[in-house]
Every structure is written in C-alpha cells, then in structure tokens.
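Colleague: I'd like a close look at a single part of this model, with the unusual backbone spots and the charged pairs explained in plain words. Could you walk me through that?

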Amino acid sequence: GEVLLIEAALAAPRWLTPENAENRCWVRGGEVHLLPRPRPPEPQRLPIREALARLRTARGATKAKDKVQAAIASRLEGYPQHAIELSRHIVRAVLPGHVARLLLAYPQLVAVALDHLPLPPTRELTRLRNQLSGEEAALRFDCEGPPAAETVCVGIRLTRCQYARLRGLRFQLPQRFTAKHWQQPPGATVEEKAMLLGATLCAGLEVAYLQATGSATAVLRWPQLEALLPEVVPWFADAAFARHTAAARPSLSSSSAAVRRAFHQQNNLDEGFRAALQQALRNEAVTAVVDVKAHWRDRSDAEDWLEVSAEDLDRDMAARQAEFEAFDRRRGTSSKGGGAATGVSEGATPEDVKNEIASMGKQLAGLLARASCVDGVDAGSGTGGTGQEGAGPSQSARAASGAAAATRPAGGRAGRDEDSDSDDGSGSGDLDVLGMEDEPGADSSASDSEEGAAGRGEGSLDEYMAELDEQLEGALDSFGPAAGEGLAPEAGGLRLGSEHVKVHGAGPVELDVHAMEHVLASYCAEHSLEPGPASLLLGELGLAGGFG
C-alpha cells in the first residue's frame, strides 16, 4: 500500500507519515482506502489483523478522498500495457540453437545471465569446468559444442533497464566467446553488435551453470508458453485440498492453465540449477513449440530512449516544479496562522520567502563571523577580547540565550500557538533569536562601568588570578634547584628547569626567545585571516596592537 502513497504524496493527508502508514493503505473494490489516523494511546504502527478488521467493518467509510483517487489513477493510466511498452526492448542476438530456444521459452533466463556479469577470471571458469563430469560436462554454451549446434539470429526481449545496464558493462570475454570463435548464422551476415550480445548472454549463462546458482531454479518454473506446463497436478486430488477447491468461486479445474501454472511455480524449487537446466534442454516440447524462424528480426528496437536531450529534461523538470509550486500555494492558502509563525505573510510568493531566508542567513553569517575572546563567550555586556567594536561576546551570548529560550515552553505549555517565551521571561514582547535588538556599542559604557565595579570588589578576578600565580609558583619552583645551588642546567642555551612566570603583574616579563620565535611565525602566517591562537595570546600579553 505504501507504494500507492508515494504516487499520491501531494494529495495524501498531512498526518500520514512513513511511521504510521504501514497497514493503513488498502485497495478494495478498485479504490484506495485509508484507515483513520492513530489516536493516543493507539500505537503508530497498526497490526495487520486489526487493520483488516477495521477495513471490513468500516463498510466504505475509509475510502480516500477524490483527489487521492485521481492522483493514483493518473499514474496508473494505461497500465499495464503502457508500462510494458515503455519497459520492453527487443534486440537481435546471435546464439547457438539450443540456447536461443531456451531463452525464448524462458525469457527470465536473461536476468540470470545479466546477474553473473561481469565474468569471474578465466582461471576460475576453467577450474569449475574441470570439476564437471558426464552429461554436466557435455553441456556447453559456446560455439564449440556438438556440430548440430548451429547459431541463429533471433530477437531477445529485455527490459530497458537490463539493456541499459548491459550497454554500460565493460569487461573482456573469454577466448571461446570472442568474435573470432563466434559463428555467423548459416546463409546470413549479421552485424557485429548482435554477435557480441549473443556471446555475452551465453557467457553469463555458462557462469550461472558452472556456479550452480540455487536461486536460478525458480526461473525455470515460469515458462512463457502454456504448452510447457505440466499436464497433471498431483495435489489437486488430495482430500484436504478438494474441500477448499469445492468452496472456491468460481470453481477450479485441474486442467485449467491457472491451476497448472500455480502448481509448476511452486514445484520442486530445491532442485539444483544444473539438473533443472538440463531437464529443460532435454524437454522435447521446447524444441517442438519454439520456432526460431518465427522470432527472426530484421532490426533491433530504436535506442533513442537512451539519450535524453537537455530540452526534454528541462521540460520535465519544469512540469514537476509546477506541480510542487501549485501544491505549496494550496497549502499556503489553506493553512491558518502559518505565516505569523515563520515571519512571512500568508500570501507571500516563493520569491518573498527566498528573500526572507537570505536576510536571515546574512544575519546569522554576521554573528558567526565574529570572534570571541580567549576566555570564551562572556555572558555579560561589553566588548570582546579581540578589541573589535561591536563584535563582543555580549551579543553572541544574547543570541545563544535567545535561541535557548526559544526551545523552552513557557509555563509547561507546548505547541506553536502556545509558546510565549520572551527576553525578560514576562511572556510579552518579541523574542529576538538573532540577538540584534541593540545597536553595537549602545550599552558599552554602562557595561564597562559595571565590569569595573565588579573587578574592584571583593573576590574579583584579579585577586583570584594573583592567588593562582602564588600557588603555581610554589608548586613549579619546588621542583627546581634548591637555594644556593645555582641556576638549572642548560642545553643549547635553554634552561631545562621549570619555573612560573607571572603575566598579570605590573613588572617586566621574562620571555623565552625560542618560544617567541614560533609565536611570531604563527602570527605572521595568519596574515589577513580571522584572529587565531597567536593573535589572542599576544593580545593577552598586550602586544597585539604593536604587531597589527
């Protein structure tokens, strides 16, 4: 049922999703039926037994709307004849006589041959061939078989998908299947393309035969002609089965083609592919019924469908885009209040929506382009540590807090119409998700004064950093040389000991020239890019302004 919903995706109800659509879509009486949407505490996935019970008791009330029926009917127009014409491709091929009769009697063998292309290495084929004996070894699919195996030119039916895949394959055939060893039909001269196609199909069949692919046996249970069906259905006379056939309407007959085909399709599917293929080749009905002369083709089907012009592609894409735009317009006019939630008016055109999205993207790009200080994003007001005006972390923090507030329901309520989050938590005012409610630098003076007051108060950051300096100095210097022992040993002009250097004091700072050389090289490599680690580090040391 879900396949039908794909074809009617633009007309199906909006509540219908892949999670709840299973066992809710049915075809009954030539019409599509949709079971009602799940209601809590009903599970999303409906059991098939319960779904069938609802479908029977609804008595037509579950019939889908006319627009759904019309959408599916338009997709199925002319089916299956139109689908067969679109998917079928008949091409000339030169094959040995016994292989040609086999492919005409069982067209599905073409798929078996294509499934085994490209071919395995020739050494592997030789090894598999050497393992055969007796009648199995005598069966061949090339032109080196018995003298009676003359080649014939017939029209082989493929699907367009199969033919396109066959045309796209690039591999080398074994020597036995090349044009040098592939014989022309008696009294005819066929193009090289038909010769190559026939040799390729025969090579794929030989690989399937040598590998004894078990799944290929089922193909030989689907004969093209009714004369190849069995005459007797053994289980039809069974007493238990007879009770069911007596109640069937219309009644079943053991001689009908439908009953015999149903039996043959399920008969002895565990039989090996080699044995089943040999039995099909020995079947005299195949030779008697299949007339290769009746399948002669003067030419193959046209291949213009393989090429799609740019004009045709643009026309098809424009038609499909028109369907989507019409669908969006219908949804836009039918929804109530949808435009207010997105910031776009209800009657806005697709161009207006694009402009609105582009504007929001520019604002977000501007926020992302701003750099925070080395300490991270400051939740308070003020400018960032990089010294760029208007690019401080306060606005980024407001954007983050606004985005977080947008995800929290106000007062425990959920839903688009019930959200009432705001900046101040009062439930009034517009939520500024992008954090652009203030102009850059509008409250910088007030913020600076507050930060200055906070820094001079008890327990400020300076006092905390000074205390950390003392602790680190005591911890690191305790591992150095003891008093009176002199300085730490040196290697290459660098001291090997460790000591703590205070960078927050007012006095001069002793720097390692070797380390500063690498910092300056990193700073020069940044050039005109965004501030990197070197710029932030030099800024903390008060040197960024001198190098900018």
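Modeller: Start with Pro-41, which sits in the loop between β2 (31–34) and α2 (48–58). Helices here are DSSP runs of H or I with at least four residues, strands are runs of E with at least two, and both are numbered from the N terminus. A cis peptide bond, with omega about 5°, joins Pro-40 to Pro-41. That's worth a pause, because most peptide bonds are trans, and most residues other than glycine have a negative phi.

Before going on, a word on where this comes from: it's a predicted model, where local features need pLDDT of at least 70 and side-chain atom pairs count only at pLDDT 80 or more, while totals for chains, interfaces and linings use all residues. Residues are numbered from 1 along each chain as its sequence is written, and side-chain values use heavy atoms, with hydrogens and water left out.

Back to our loop. Glu-42 is in the loop between β2 and α2 too, and its partner Arg-24 is in the loop between α1 (2–7) and β1 (25–28), 18 residues apart, so the pair links distant parts of the chain. Their side chains meet in a salt bridge, 3.1 Å from N to O; the term means a side-chain nitrogen of Lys or Arg within 4 Å of a carboxyl oxygen of Asp or Glu. What about exposure? Arg-24 counts as buried because its relative accessibility is 0%, whereas Glu-42, at 21%, counts as partly exposed. The cut-offs are under 20% relative accessible area for buried, over 50% for exposed, and partly exposed in between (1.4 Å probe, protein chains only).

Now follow the chain past α2. Arg-59 lies in the loop between α2 and α3 (66–75), and it has a positive phi of about 55° although it isn't a glycine. Its relative accessibility is 76%, so Arg-59 counts as exposed.

You can look for similar things elsewhere. Another cis peptide bond joins Leu-117 and Pro-118, with omega about -5°, and Pro-118 lies in the loop between α6 (109–115) and α7 (122–130). Asn-268 also has a positive phi, near 55°; this residue is in the loop between α12 (257–265) and α13 (273–282). With a relative accessible area of 43%, Asn-268 is partly exposed.

As for charged pairs, the count comes to 22 salt bridges. One of them joins Asp-312 and Arg-315, with the closest N and O atoms 2.7 Å apart. Both lie in helix α15 (residues 310–334), 3 residues apart, about one turn of the helix.
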